[in-house]
Amino acid sequence: MDKYLGIKYKLKSSDNFEDYLKFIEVGLLSRKIVTSLYPVCVLTKNEDGSYTMTMTTAVRKVVTTFRLGEEFVEERPDGVKVKSVMHVEGDSLVQVQIEQNGRKSTHIRKFTDTQLTVTTTAEGWNGTCIRIYESVE
């Protein structure tokens with residue numbers, strides 16, 4: 001995973017993202033705003049061994065710091081707090097999020113030198129959301 005640290009990836013395409021947001025009960029206005037944005041994502045490693053994933057848009061910057069394999073509380077961009085765990089599988093960073101109501105989402109971030117593909121699924125939802133980011137200078 002460390003070979004992808006510091007690479008900036010900008011969203012280029014998104015499939016089924018709004019449907020996923022509806023499933024996790026994000027409100028209409030928030031869905032419309034977030035689906036119109038093209039975030040830049042960058043993963044960095046901190047001196048203490050933790051990682052930070054930063055998503056930057058014209059509207060907001062969301063910073064998530066975590067340690068692999070350790071549960072942490074994360075505030076999603078819509079303000080909902082969830083429990084998350086991240087782990088690495090090959091060139092993928094796998095995140096499992098569990099909401100207070102027990103609903104579980106899985107986000108698989110597959111990194112290459114030129115692309116980041118985020119595949120999202122959720123228990124109880126029959127869809128798959130795929131968001132493709134391309135590396136930028």
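1. A quick word on terms before we get to the surface: a patch here is built from residues with over 30% relative accessible area and no salt bridge, and nonpolar side chains such as Val, Leu and Ile are joined within 5 Å. Bear in mind too that this is a predicted model.

2. With that in hand, look at L29, I33 and V59. Together they make a nonpolar patch on the surface, with about 310 Å² of accessible area. L29 belongs to helix 2, which covers residues 28–35. Its relative accessibility is 64%, so L29 counts as exposed, the cut-off for that being over 50%.

3. Now compare R31, which also has its place in helix 2. Is R31 buried or exposed? Its relative accessibility comes to 11%, so R31 counts as buried; the limit for that label is under 20%. As for what it touches, leaving aside neighbours within four places in sequence, R31 is in contact with E18, L21, K22 and V26.

4. On to the sheet. It is an open one with 10 strands, paired antiparallel, and the order reads 4-3-2-1-10-9-8-7-6-5. Strand 4 (61–66) and strand 5 (72–75) are the edge strands; each has a single partner, so one side of each is left without a neighbour in the sheet. On average, neighbouring strands are turned by 25 degrees against each other, direction ignored.

5. Strand 7 is worth a closer look. Of its 7 residues, 5 are buried, so the strand is largely enclosed by the rest of the structure.

6. What joins strand 7 to strand 6? The two run antiparallel, and 7 bridges link residues 81–89 of strand 6 with residues 92–98 of strand 7. If you want to check the register by eye, H87 sits opposite V94, and E89 sits opposite S92. The hairpin these strands make has 2 residues between them, and G90 there takes a positive phi near 65 degrees.

7. Strand 7 also pairs with strand 8 (residues 104–111), again antiparallel and through 7 bridges. Here the pair to look for is Q95, which stands opposite H107 in strand 8. This hairpin has 5 residues between its strands, and G102 in the turn has a positive phi of about 95 degrees.

8. Two places to pull up on screen, then: helix 2, home to the exposed L29 and the buried R31, and strand 7, with its 7 bridges to strand 6 and 7 bridges to strand 8.

Notes
Residues numbered from 1 in each chain as written. Predicted model: local features only at pLDDT ≥ 70, side-chain atom pairs only at ≥ 80, totals over all residues. Heavy atoms only, no water. Pairing = 2+ DSSP bridges. Helix = DSSP H or I, 4+ residues; strand = E, 2+ residues; numbered from the N terminus. Axes fitted to C-alpha atoms, helices over the stretch in contact; angles between N-to-C directions. Patch = residues over 30% accessible without salt bridge, like charges linked within 9 Å, V, L, I, M, F, W, Y side chains within 5 Å. Areas by Shrake-Rupley, 256 points an atom, 1.4 Å probe, with all protein chains shown as cover. Salt bridge = Lys/Arg side-chain N within 4 Å of Asp/Glu carboxyl O. Buried < 20%, exposed > 50% of the residue type's maximum accessible area, 1.4 Å probe, protein only. Contact = heavy atoms within 4.5 Å.
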